[in-house]
Amino acid sequence: MKKMALHWQILIGMLAGVLFGYTMTHFSAGKEIVGDWIKPFGTIFVNLLKLIAVPLIVASLIKGISDLQDISKFKKIGGRTIIIYILTTVVAICIGLTLVNILKPGDGITQETIEKLTTEYAGNSKISARIAEASKQKESGPLQFIVDMVPQNAFKAMSNNKMMLQVIFFTIFLGISMLLVKPSQSKSLKDFFDSLNEVILKMVDLIMLFAPYAVFALLANVVVTSDDADILLALLKYAGVVVTGLLLMIGFYTLLVAFVTKRSPIWFLKQISPAQLLAFSTSSSAATLPVTMERVEEHIGVDKEVSSFVLPVGATINMDGTSLYQAVAAVFIMQVLWPEGLTFSNQITIVLTALLASIGSAAVPGAGMVMLVIVLEAIGFPADKLPIGLALIFAVDRPLDMCRTTINVTGDATVSMIVAKTVGKLGKPKVKDWDDNLKK
């Protein structure tokens with residue numbers, strides 16, 4: 001009997017989790033039951049993915065660089081990666097601005113809804129923390145994000161998943177240094193990282209066996225902890241604009257895949273779908289990174305020399321979905337609270353600020369909301385209305401975060417294919433199963 005494809009298993013787990021969570025909302029103790037007995041399994045799964053993220057980046061990136069044998073090839077890959085990421089981010093922001101200006105979701109928000117949302121969320125501790133974090137980011141110098149990329153202690157950086165850029169910097173530095181010594185001197189180190197890379201990828205395969213059950217737990221918890229249905233309904237038009245923009249980005253990616261790589265867009269989406277579904281369930285590009293790398297390398301055929309650089313960098317600085325969300329959210333808030341600020345110059349500022357913030361704030365917890373504060377402050381949004389503006393969108397931030405993370409991961413995979421194609425490193429898929437070497 002043929003085994004069911006992983007993406008179908010995960011999708012069934014997601015649907016079952018939503019149905020189970022909805023059912024539990026009808027019981028007084030439902031939220032507590034899910035929180036005590038179901039949610040921990042989802043948390044364990046996410047922790048396992050985060051556990052192997054740093055070792056995978058280190059091993060995979062060093063293997064990829066050391067296999068190049070030529071630093072000029074790495075320079076070519078790096079330059080094209082950054083340029084394409086910037087271009088896709090600008091496209092995402094422009095799509096968001098176009099939709100929000102045409103559909104005007106802010107026009108449907110009543111004063112009663114504003115007051116209700118303000119009462120419910122304006123004093124929320126998470127909103128206050130995001131505003132404080134954004135102020136801290138704004139006060140730092142324009143090159144601070146480059147300073148933050150260079151670690152003082154490599155082991156300290158590797159102990160914290162939020163310092164991913166520092167890990168990437170150290171790993172690239174180490175990999176390039178290995179190329180500059182005699183092959184006989186670096187051989188033992190290269191063999192170690194080659195072996196570690198294979199073992200970590202096998203750990204990904206084993207963790208993914210648990211994925212359908214984990215997404216069941218994650219989605220069930222999301223449903224039972226969701227906000228007031230009336231509030232969500234009031235923000236439906238705003239959420240619809242964001243989701244429409246994100247779907248257009250999927251269309252944009254598939255066009256790139258079709259015209260640049262000459263691969264089938266449907267085939268591409270099918271191969272990357274397990275990573276997309278996990279991104280949706282976990283709302284974390286970093287946690288999904290091990291799965292994204294496994295799917296791109298084994299199921300799409302991107303050479304490790306490319307994927308080991310493009311994907312970790314993308315998980316930290318490429319935020320197409322989040323940038324599109326910034327554009328829609330910023331203009332939506334202005335439509336409701338500060339319509340006089342909707343000038344052409346301010347919208348150009350939104351494009352530039354959202355682009356820079358997507359790079360500078362990539363490793364910050366709750367990056368989406370922090371970036372939004374930075375964007376709003378850049379266009380002179382009234383400071384006294386800022387908490388109210390964030391309160392307007394806070395109720396639907398979690399489900400939209402799930403959607404935009406999915407786009408972020410899809411964008412990373414798309415760019416890895418494009419870069420691989422342009423440097424002749426896009427080959428045939430070589431799928432490995434978790435039990436390939438198990439004696440049966």
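These exercises look at one helix and two loop residues of a predicted model.

Local features need pLDDT of at least 70 and side-chain atom pairs count only at pLDDT 80 or more, while totals for chains, interfaces and linings use all residues. Residues are numbered from 1 along each chain as its sequence is written, and side-chain values use heavy atoms, with hydrogens and water left out.

**Exercise 1.** Compare the expected span of helix α13 with the distance between its end C-alpha atoms.

Solution. Helices are DSSP runs of H or I with at least four residues, numbered from the N terminus. The expected span is 1.5 Å times one less than the number of residues. Helix α13 covers residues 265–282, which is 18 residues, so the expected span is 26 Å. The end C-alpha atoms of α13 are 24 Å apart, which agrees.

**Exercise 2.** Find where α13 bends.

Solution. The bend at a residue is the angle between axes fitted to the seven residues ending there and the seven starting there. For α13 this angle is about 55° at S273. A proline, P274, follows within four residues. Both S273 and P274 are among the buried residues of α13 (buried means under 20% relative accessible area, with a 1.4 Å probe and protein chains only).

**Exercise 3.** Is K262 buried or exposed, and what of S283?

Solution. K262 is in the loop between α12 (236–261) and α13, and its phi is near 65°. Its relative accessible area is 62%, so K262 is exposed (over 50%; partly exposed lies in between). S283 is in the loop between α13 and α14 (285–300), with phi near 60°. At 17% relative accessibility, S283 counts as buried.

How values were computed:
Helix = DSSP H or I, 4+ residues; strand = E, 2+ residues; numbered from the N terminus.
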